[in-house]
Amino acid sequence: MEKGIEFEFHDYIHEVLSLQEVDIASYSPLVLAYIGDSIYDLIIKTMVVNKGNKQVHKLHDETSGFVQASTQSLMMRTMQQYLTEEEHAIYRRGRNAKSVSPAKNQSITDYRRATGFEALLGYLYLKEDYKRLMDLVKIGLDSLNPEQAAE
(Lines give C-alpha, C1' and ligand atoms only; values in the text may rest on other atoms or scores of the structure.)
Protein backbone atom coordinates (compact mmCIF):
# COMPACT_ATOMS: atom_id res chain seq x y z
CA MET A 1 0.00 0.00 0.00
CA GLU A 2 1.27 3.48 -0.80
CA LYS A 3 2.34 5.70 2.03
CA GLY A 4 -0.35 8.35 1.92
CA ILE A 5 -2.59 10.42 4.14
CA GLU A 6 -4.08 7.37 5.83
CA PHE A 7 -0.63 6.19 6.93
CA GLU A 8 0.28 9.65 8.13
CA PHE A 9 -2.92 9.71 10.19
CA HIS A 10 -2.30 6.21 11.53
CA ASP A 11 1.32 7.00 12.37
CA TYR A 12 0.29 10.26 14.04
CA ILE A 13 -2.33 8.54 16.23
CA HIS A 14 0.24 5.93 17.27
CA GLU A 15 2.81 8.61 18.03
CA VAL A 16 0.51 10.93 20.00
CA LEU A 17 -1.11 8.14 22.02
CA SER A 18 2.10 6.09 22.35
CA LEU A 19 0.30 3.03 21.02
CA GLN A 20 2.13 -0.24 20.66
CA GLU A 21 1.90 -2.56 17.68
CA VAL A 22 -0.44 -5.48 18.38
CA ASP A 23 -0.96 -8.69 16.43
CA ILE A 24 -4.50 -8.36 15.03
CA ALA A 25 -4.93 -12.14 15.15
CA SER A 26 -4.72 -11.93 18.96
CA TYR A 27 -7.99 -9.98 19.18
CA SER A 28 -11.22 -11.83 19.87
CA PRO A 29 -13.99 -11.45 17.26
CA LEU A 30 -16.05 -9.42 19.73
CA VAL A 31 -13.17 -6.96 20.20
CA LEU A 32 -12.93 -6.64 16.42
CA ALA A 33 -16.70 -6.03 16.32
CA TYR A 34 -16.37 -3.42 19.09
CA ILE A 35 -13.95 -1.29 17.07
CA GLY A 36 -15.73 -2.13 13.79
CA ASP A 37 -19.00 -0.79 15.21
CA SER A 38 -17.30 2.53 15.95
CA ILE A 39 -15.67 2.73 12.53
CA TYR A 40 -18.94 1.98 10.74
CA ASP A 41 -20.77 4.50 12.92
CA LEU A 42 -18.19 7.16 12.02
CA ILE A 43 -18.51 6.36 8.30
CA ILE A 44 -22.30 6.62 8.40
CA LYS A 45 -22.29 9.81 10.50
CA THR A 46 -19.77 11.36 8.11
CA MET A 47 -22.03 10.47 5.17
CA VAL A 48 -25.15 11.86 6.89
CA VAL A 49 -23.50 15.08 8.10
CA ASN A 50 -22.12 15.67 4.61
CA LYS A 51 -25.70 16.02 3.33
CA GLY A 52 -25.99 19.32 5.16
CA ASN A 53 -26.40 21.04 8.49
CA LYS A 54 -29.49 19.78 10.34
CA GLN A 55 -30.83 19.43 13.83
CA VAL A 56 -29.02 16.69 15.72
CA HIS A 57 -32.15 14.60 16.25
CA LYS A 58 -32.73 14.57 12.48
CA LEU A 59 -29.13 13.45 11.95
CA HIS A 60 -29.68 10.72 14.52
CA ASP A 61 -32.87 9.56 12.80
CA GLU A 62 -31.08 9.36 9.45
CA THR A 63 -28.14 7.51 10.98
CA SER A 64 -30.16 4.97 12.95
CA GLY A 65 -31.58 3.29 9.83
CA PHE A 66 -28.06 2.45 8.66
CA VAL A 67 -26.57 1.24 11.93
CA GLN A 68 -29.26 -1.20 13.07
CA ALA A 69 -28.43 -4.91 12.92
CA SER A 70 -31.07 -5.71 10.29
CA THR A 71 -29.56 -3.19 7.85
CA GLN A 72 -26.00 -4.37 8.52
CA SER A 73 -27.20 -7.96 8.03
CA LEU A 74 -28.75 -7.03 4.70
CA MET A 75 -25.55 -5.31 3.59
CA MET A 76 -23.48 -8.32 4.65
CA ARG A 77 -25.60 -10.68 2.58
CA THR A 78 -24.59 -8.74 -0.54
CA MET A 79 -20.99 -8.20 0.53
CA GLN A 80 -20.31 -11.90 1.17
CA GLN A 81 -19.84 -12.70 -2.49
CA TYR A 82 -16.99 -10.15 -2.67
CA LEU A 83 -15.04 -11.36 0.36
CA THR A 84 -11.68 -13.04 0.16
CA GLU A 85 -11.12 -16.33 1.98
CA GLU A 86 -9.38 -14.46 4.81
CA GLU A 87 -12.23 -11.96 5.11
CA HIS A 88 -14.81 -14.77 5.13
CA ALA A 89 -12.94 -16.40 8.02
CA ILE A 90 -13.00 -13.16 10.03
CA TYR A 91 -16.68 -12.63 9.27
CA ARG A 92 -17.54 -16.20 10.34
CA ARG A 93 -15.58 -15.82 13.59
CA GLY A 94 -17.56 -12.65 14.36
CA ARG A 95 -20.87 -14.17 13.34
CA ASN A 96 -20.31 -17.27 15.46
CA ALA A 97 -19.01 -15.45 18.55
CA LYS A 98 -21.09 -15.86 21.67
CA SER A 99 -22.24 -12.40 22.71
CA VAL A 100 -22.91 -11.51 26.33
CA SER A 101 -25.87 -9.26 25.53
CA PRO A 102 -28.97 -10.49 23.70
CA ALA A 103 -30.17 -8.95 20.45
CA LYS A 104 -32.36 -5.94 21.16
CA ASN A 105 -35.41 -5.82 18.87
CA GLN A 106 -33.49 -7.79 16.23
CA SER A 107 -33.58 -11.41 15.12
CA ILE A 108 -30.71 -13.57 16.34
CA THR A 109 -29.71 -14.17 12.71
CA ASP A 110 -29.52 -10.45 11.91
CA TYR A 111 -27.69 -9.74 15.17
CA ARG A 112 -25.07 -12.41 14.53
CA ARG A 113 -24.60 -11.44 10.89
CA ALA A 114 -24.21 -7.79 11.97
CA THR A 115 -21.61 -8.83 14.55
CA GLY A 116 -19.68 -10.60 11.79
CA PHE A 117 -20.01 -7.47 9.62
CA GLU A 118 -18.62 -5.28 12.42
CA ALA A 119 -15.82 -7.77 13.17
CA LEU A 120 -14.77 -7.68 9.52
CA LEU A 121 -14.74 -3.87 9.48
CA GLY A 122 -12.77 -3.80 12.73
CA TYR A 123 -10.26 -6.25 11.31
CA LEU A 124 -9.77 -4.23 8.12
CA TYR A 125 -9.42 -1.03 10.15
CA LEU A 126 -6.79 -2.50 12.48
CA LYS A 127 -5.05 -4.03 9.47
CA GLU A 128 -5.00 -0.48 8.05
CA ASP A 129 -6.67 -1.65 4.85
CA TYR A 130 -8.87 1.43 4.65
CA LYS A 131 -9.46 1.17 0.91
CA ARG A 132 -10.80 -2.38 1.20
CA LEU A 133 -12.90 -1.38 4.21
CA MET A 134 -14.50 1.49 2.28
CA ASP A 135 -14.93 -0.57 -0.90
CA LEU A 136 -16.89 -3.22 1.03
CA VAL A 137 -18.99 -0.64 2.90
CA LYS A 138 -19.80 1.01 -0.44
CA ILE A 139 -20.89 -2.35 -1.90
CA GLY A 140 -23.14 -2.86 1.11
CA LEU A 141 -24.60 0.64 1.02
CA ASP A 142 -25.24 0.40 -2.71
CA SER A 143 -27.25 -2.76 -2.09
CA LEU A 144 -29.76 -0.93 0.11
CA ASN A 145 -32.95 0.65 -1.11
CA PRO A 146 -33.43 4.15 0.34
CA GLU A 147 -36.62 2.92 2.08
CA GLN A 148 -34.75 0.08 3.81
CA ALA A 149 -32.10 2.38 5.23
CA ALA A 150 -34.73 4.86 6.45
CA GLU A 151 -36.70 2.28 8.47
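This is a short dialogue on reading a few features of a predicted model.

Trainee: Let's start with a helix. What distance should the 12 residues of helix α5 span?

Mentor: Count 1.5 Å a residue and you expect 16 Å for α5, residues 85-96. The C-alpha atoms at the ends of α5 are 16 Å apart, which agrees.

Trainee: Which residues of α5 are buried?

Mentor: Glu87, Ile90, Tyr91 and Gly94. These buried residues take up an arc of only 100° around the axis, so they sit on the same side of α5.

Trainee: And what covers the buried residues of α5?

Mentor: The cover includes α2 (29-49), α4 (69-79), α6 (108-126) and α7 (130-142).

Trainee: Where does UniProt place the feature "active site"?

Mentor: At Asp37, according to an unreviewed UniProt entry. You'll find Asp37 in helix α2.

Trainee: Is Asp37 buried, exposed or partly exposed?

Mentor: Partly exposed, because its relative accessible area is 34%, and that label covers values between the 20% and 50% cut-offs.

Trainee: How do I read phi angles?

Mentor: Most residues other than glycine have a negative phi, so a positive one is worth a look. Here, Ser18 has a positive phi of about 50° without being a glycine. Glu128, also not a glycine, has a positive phi near 70°.

Trainee: Where are Ser18 and Glu128?

Mentor: Ser18 is in the loop between α1 (5-17) and α2, while Glu128 is in the loop between α6 and α7.

Trainee: Which label fits each, buried or exposed?

Mentor: Ser18 counts as exposed, at 63% relative accessibility. Glu128, at 14%, counts as buried.

Conventions
Residues are numbered from 1 along each chain as its sequence is written. This is a predicted model: local features need pLDDT of at least 70, side-chain atom pairs count only at pLDDT 80 or more; totals for chains, interfaces and linings use all residues. Side-chain values use heavy atoms; hydrogens and water are left out. Helices (H or I, at least four residues) and strands (E, at least two) are DSSP runs, numbered from the N terminus. The expected span of a helix is 1.5 Å times one less than its number of residues. Buried means under 20% relative accessible area, exposed over 50%, partly exposed in between (1.4 Å probe, protein chains only). The arc is that of the directions from the helix axis to the C-beta atoms. Contact means heavy atoms within 4.5 Å. UniProt positions are given in the numbering used here, feature names are shortened, and annotations may be inferred rather than shown by experiment.
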